[in-house]
Amino acid sequence: MTDAASPGTPESSADPRFAALPGRPGKIVAVHLSYASRAGQRGRRPEHPSYFLKPSSSVAASGSTIERPAGTELLAFEGEIALVIGTAARRVSLADAWDHVAWVTAADDFGLYDLRANDKGSNVRSKGGDGFTPIGPTLIDARAVHPDALRVRTWLNGSLVQDDTSAGMIFPLPQLIADLSQHFILEPGDVILTGTPAGSSVAQPGDVVEVEVDVPRGPSSGRLVTTVVQGEVAFDRDLGSLPAADDLQRTEAWGSREAAGLPDAEPAEPNPVAAVNPVAEPNPVAEPNPVAESNPVAEPVEASDGPSTGSGTDAGSASAPLSPALRAKLEAVPVAGLSAQLRKRGLNNVHIDGVRPLHPESFPGTAKLVGTARTLRFVPNREDLFASHGGGYNAQKRVFDAVGEGEVVVIEARGEAGSGTLGDILAIRAHAQGAAGIVTDGGVRDAAAVAAVGIPVYSSGAHPAVLGRKHVPWDADLTIACGGTTVQPGDVIVGDADGVVVIPTAIVEEVVDAALAQEDEDAWIAERVAEGHPVDGLFPMNAAWRARFEAERAASAAVPGERVAPQTPRSQETAALEGGEVAR
């Protein structure tokens, strides 16, 4: 263990904030999501490391206080391993990267969740405040430790709340050095904050947060101690945006809804605004760069945890769940009926063509696949791109790990059936996650085993080849093309033996209610035809037949317990039929 004073400079001794460092850092680089435990807690795992900068003015010494500004509530602590650069590093190899680290110590990467959405990922205000980067109290000689053997622990008011090791990091410490050195020079004295494990939470005024980095039964940084105090000066609304906290930010800051004292989330209706005003397509300049993963629109920008699953920026990674009542109605209506109603509303290109259920005998005519879309895109195979993006924790695996209950994985495979786009392992994973089904306009490997999983799967057919023959898994959670139609995350997907249809969330209630009413009307017409009446004038109904139909329905409504289908305005639902158009 090295005394912090030994590498000191006149600046570090003159300014107590930098007492634990060799001097004032030229730059502080912080890593977003880096521990597997944190990724599991967040429900997303990055493919590559990503970073943000913190000002050196945010550094504080052990024993300092941190102010929670007036008007805020969500000051979160993050115990981290801090690396201090000893010799300049520019384009260094992975094998040589650790040689450029002189010291290791403890840090606390404090963040104000009330300002995360305002910052839109920059973290300038949410993580750059005075005292928001305590470091110390002493330095560990990096030459005396192995980068995989470091442990970080955090205590809140004496209780251990974080405990993990660098061996549990998604990206090894030397990789962070080597990667950053590809982009700019790391200079002596620069500090790298390497991310936090699971257990980060909120600190209140009066709380004491302690962080220690050590090698078990070996050298230690000692405990870095910070006390939270309440600020008295509020932000001025005339100068800039004000802090804001909602239940999502509270959940993220505390670590769970339960820890935040929030009730269990109620299922929400689909958001019609998202369908009426979809976010713009991703910038094509960014293609093909899945490293530039973006945060989902379904939640505010992940200021502290970095990018999410895919390069798309136009939709969320988690869609609003269907209410039980809406799901029941969708399950009761055949796809043909929904298709007719969509056509009446000017939507003809809403069918995922060329896909069929793996075991059609299980579809007796009613909708069996109902859910909201979770999208995945494959691009045509190119050997160099498959080498860089086809292996490891690729976009395909991330989507199947992240798909939620009631969601449908919809895969764009360009109608290319000459390779599998999933097999039984991924089907099992989706089923275990509670997914509603899978739709791909590509092939399926191990088709019999996939069918046996018990989850509805629609595909263009079976094929034994693995992914790399035709496809590269590229990005996720963005607008895609599947079977000749556009699918956006959150769109409602319904499938039966006739095929699969896509319904925008903004009109799904209207469409399904109209389809139910039409089904009831058609059932009444079928009864009359079975009685021997000719279809002329009955299908579609002329004025006389309609008057009889409406009179019988009115009479049925007066009988207690009699089922009456939801009715829609005649001008909307019958004009086309009476004009001679047959909807079914």
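## Salt bridges, a helix crossing and a covered strand

At 24% relative accessibility, K329 counts as partly exposed, and its partner in a salt bridge is D513, with the closest N and O atoms 2.7 Å apart. This is a predicted model. K329 belongs to helix 7 (residues 324-332) and D513 to helix 13, so the pair ties together parts that are 184 residues apart in sequence. D513, at 22% relative accessibility, is likewise partly exposed.

R374 and D477 form a further salt bridge, again with 2.7 Å between the closest N and O atoms. Since R374 lies in strand 18 (residues 369-380) and D477 in the loop between strand 22 (471-476) and strand 23 (480-482), the pair ties together parts that are 103 residues apart in sequence. Here R374 is buried, at a relative accessible area of 4%, and D477 is buried as well, at 3% relative accessibility.

In a third pair, the side chains of R528 and E527 meet at 3.4 Å, N to O; R528 is buried, with a relative accessible area of 6%, whereas E527 is partly exposed, at 43%. The three pairs are set out below.

| Salt bridge | N to O distance | Relative accessibility |
|---|---|---|
| K329 and D513 | 2.7 Å | K329 24%, D513 22% |
| R374 and D477 | 2.7 Å | R374 4%, D477 3% |
| R528 and E527 | 3.4 Å | R528 6%, E527 43% |

A search of the whole structure finds 28 salt bridges, and a network of them links R38, K54, E78, D109 and K127.

Helix 13 (residues 508-530) also meets helix 8 (residues 335-344), their axes coming within 9 Å and crossing at roughly 120°. The crossing of helix 8 past helix 13 is right-handed. On the side of helix 8 the contact is made by G337, L338, Q341, L342 and K344, and on the side of helix 13 by V511, V512, A514, A515, Q518 and E519. Sorted by class, the residues of this contact comprise six nonpolar, three polar and two charged ones.

Turning to the strands, strand 7 (residues 101-108) is mostly covered, with eight of its eight residues buried. Strand 7 pairs in the antiparallel sense with strand 6 (residues 79-85) over seven bridges, and within strand 7 it is W103 that serves as the bridge partner of V84. Strand 7 also pairs with strand 9 (residues 133-141), once more in the antiparallel sense, over four bridges, where I140 of strand 9 is the bridge partner of V104.

Methods:
Residues numbered from 1 in each chain as written. Predicted model: local features only at pLDDT ≥ 70, side-chain atom pairs only at ≥ 80, totals over all residues. Heavy atoms only, no water. Axes fitted to C-alpha atoms, helices over the stretch in contact; angles between N-to-C directions. Helix = DSSP H or I, 4+ residues; strand = E, 2+ residues; numbered from the N terminus. Left-handed = near helix turned anticlockwise from the far one by under 90°. Contact = heavy atoms within 4.5 Å. Nonpolar A, V, L, I, M, F, W, Y, C, P; charged D, E, K, R; others polar. Buried < 20%, exposed > 50% of the residue type's maximum accessible area, 1.4 Å probe, protein only. Pairing = 2+ DSSP bridges.
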